[in-house]
Amino acid sequence: MPTVRVKRQTPPNLYQFPYVKFHGKFYPLIPLTLSREARTVNTFALLDSGASISVFRPEIAEALGITRKERTGTRLGSAGGGVDIGIAKIRVEVGKTSFKAKIGFSKAFAASFNIVGREGFFHKFSICFNEMSRTVLMVPLEDLD
Amino acid sequence: MDMRQETRWLCENARALERFSGKWVLFCPDTGFVNKGASLSRLLRSAATTQVTDRPFVFHVPSKRELSLAYLAPRRR
């Protein structure tokens with residue numbers, strides 16, 4: 001009799017993050033850990049598929065010991081022109097998934113929340129925004145093979 | 001499905017955190033410890049000296065004004 005291979009229905013790491021309500025509006029915030037050498041910061045960031053790169057508040061860079069000199073300058077576009085920001089490559093952990101990503105630091109772009117953009121991040125996960133249930137579902141792509 | 005403790009804590013306490021708008025908040029979901037301040041580095045230093053936990057979370061609570069600013073998604077030029 002031939003053996004039937006049953007595919008696992010649920011991936012081992014499926015993260016569910018409910019939207020967080022601030023001042024009457026809901027935001028898809030996810031918990032993550034940033035680390036560089038011996039320093040670690042656990043914080044939250046807004047998951048934004050419309051952002052091409054991730055931008056965090058500059059205080060996080062200071063907490064991680066990243067000096068201005070260690071950040072590579074780049075210019076980001078905005079409606080009012082361009083803004084120069086410093087970018088550094090640092091380790092990011094979401095749940096059990098860990099990887100290095102380029103993160104920019106700017107108060108102008110991360111005025112309300114830290115922002116997680118597509119570059120270096122969205123290709124690590126399958127991400128589903130469910131506006132009805134106000135939930136983000138994330139599955140590490142390495143778990144979907 | 002993994003619904004993480006820190007996310008649950010933030011959802012449950014977001015309303016209460018609104019009074020710290022514009023400030024940094026340090027919290028430990030497992031102990032319920034919360035501290036707030038204008039300076040993130042000072043908050044982290046005080047957490048290290050009081051040894052509240054080995055895994056505190058920090059979060060900048062946005063003010064209503066910050067949330068009302070026109071949001072511009074960071075895009076490479």
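Which residue is the bridge partner of Phe129(A) in S12(A)? The points below take up this pairing and then move outward to the rest of the structure.

1. The model is a predicted one, and the remarks that follow should be read with that in mind. The bridge partner of Phe129(A) is Val136(A), a residue of S12(A). Val136(A) also stands opposite Phe17(A), while Thr135(A) of S12(A) stands opposite Pro18(A).

2. These pairings belong to an open sheet of 3 strands in chain A, whose order is S1-S12-S11 and whose pairing is antiparallel. The edge strands are S1 and S11 of chain A, each of which pairs on one side only, and the twist from one strand to the next averages 15°. Between S11(A) and S12(A), which run antiparallel, there are 6 bridges, whereas S1(A) and S12(A), also antiparallel, are joined by 4 bridges.

3. The two faces of S12(A) can be told apart residue by residue. Val136(A), Met138(A) and Pro140(A) make up the covered face of S12(A), and Thr135(A), Leu137(A) and Val139(A) make up the uncovered one. Val136(A), the bridge partner of Phe129(A), is thus listed on the covered face.

4. Two residues of chain A other than glycine deserve a look at their backbone angles. Arg134(A) lies in the loop between strand S11 (125–130) and strand S12 (135–140) of chain A, and in this hairpin, which has 4 residues between the strands, Arg134(A) takes a positive phi near 50°. Arg134(A) counts as partly exposed, because 16 C-beta neighbours lie inside 10 Å, and a residue is called buried only if 20 or more do so and exposed if 12 or fewer do.

5. The other such residue is His23(A), which has a positive phi, near 50°, although it is not a glycine. His23(A) is placed in the loop between strand S2 (20–22) and strand S3 (25–27) of chain A. With 18 other C-beta atoms within 10 Å, His23(A) is partly exposed.

6. The largest nonpolar core has 49 residues, and the members that touch the most others are Leu29(A), Ile30(A), Ala45(A), Ile60(A), Leu64(A), Ile115(A) and Val58(B). S5(A) gives the largest share of this core, 5 residues. If neighbours within four places in sequence are left aside, Leu29(A) is in contact with Val20(A), Phe44(A), Ala45(A), Leu46(A), Phe113(A) and, from chain B, Leu10(B).

7. The contact between the chains takes 41 residues from chain A and 30 residues from chain B. On the side of chain A that touches chain B, the elements giving two or more residues are strand S1 (15–18), S2, strand S4 (29–36), strand S5 (39–47), helix H1 (58–63) and strand S7 (72–78). The residues of that side of chain A divide into 20 nonpolar, 14 polar and 7 charged.

8. Chain B has 77 residues, of which 23% count as buried. Its secondary structure comes to 3 helices and 4 strands, and along the sequence chain B reads α-β-β-α-β-α-β. Of the contacts in chain B between residues at least 6 apart in sequence, 44% join residues at least 24 apart.

Terms used
Residues are numbered from 1 along each chain as its sequence is written. Chains are lettered from A and ligands numbered from 1 in the order in which they are written. This is a predicted model: local features need pLDDT of at least 70, side-chain atom pairs count only at pLDDT 80 or more; totals for chains, interfaces and linings use all residues. Two residues are in contact if their C-beta atoms, placed from the backbone, lie within 7 Å. Ala, Val, Leu, Ile, Met, Phe, Trp, Tyr, Cys and Pro count as nonpolar, Asp, Glu, Lys and Arg as charged, and the others, Gly among them, as polar. Two strands pair if DSSP finds at least two bridges between them. Axes are lines fitted to C-alpha atoms, for helices over the stretch in contact, and angles run from 0 to 180 degrees between N-to-C directions. A nonpolar core is a set of buried Ala, Val, Leu, Ile, Met, Phe, Trp, Tyr and Cys residues joined through C-beta atoms within 7 Å.
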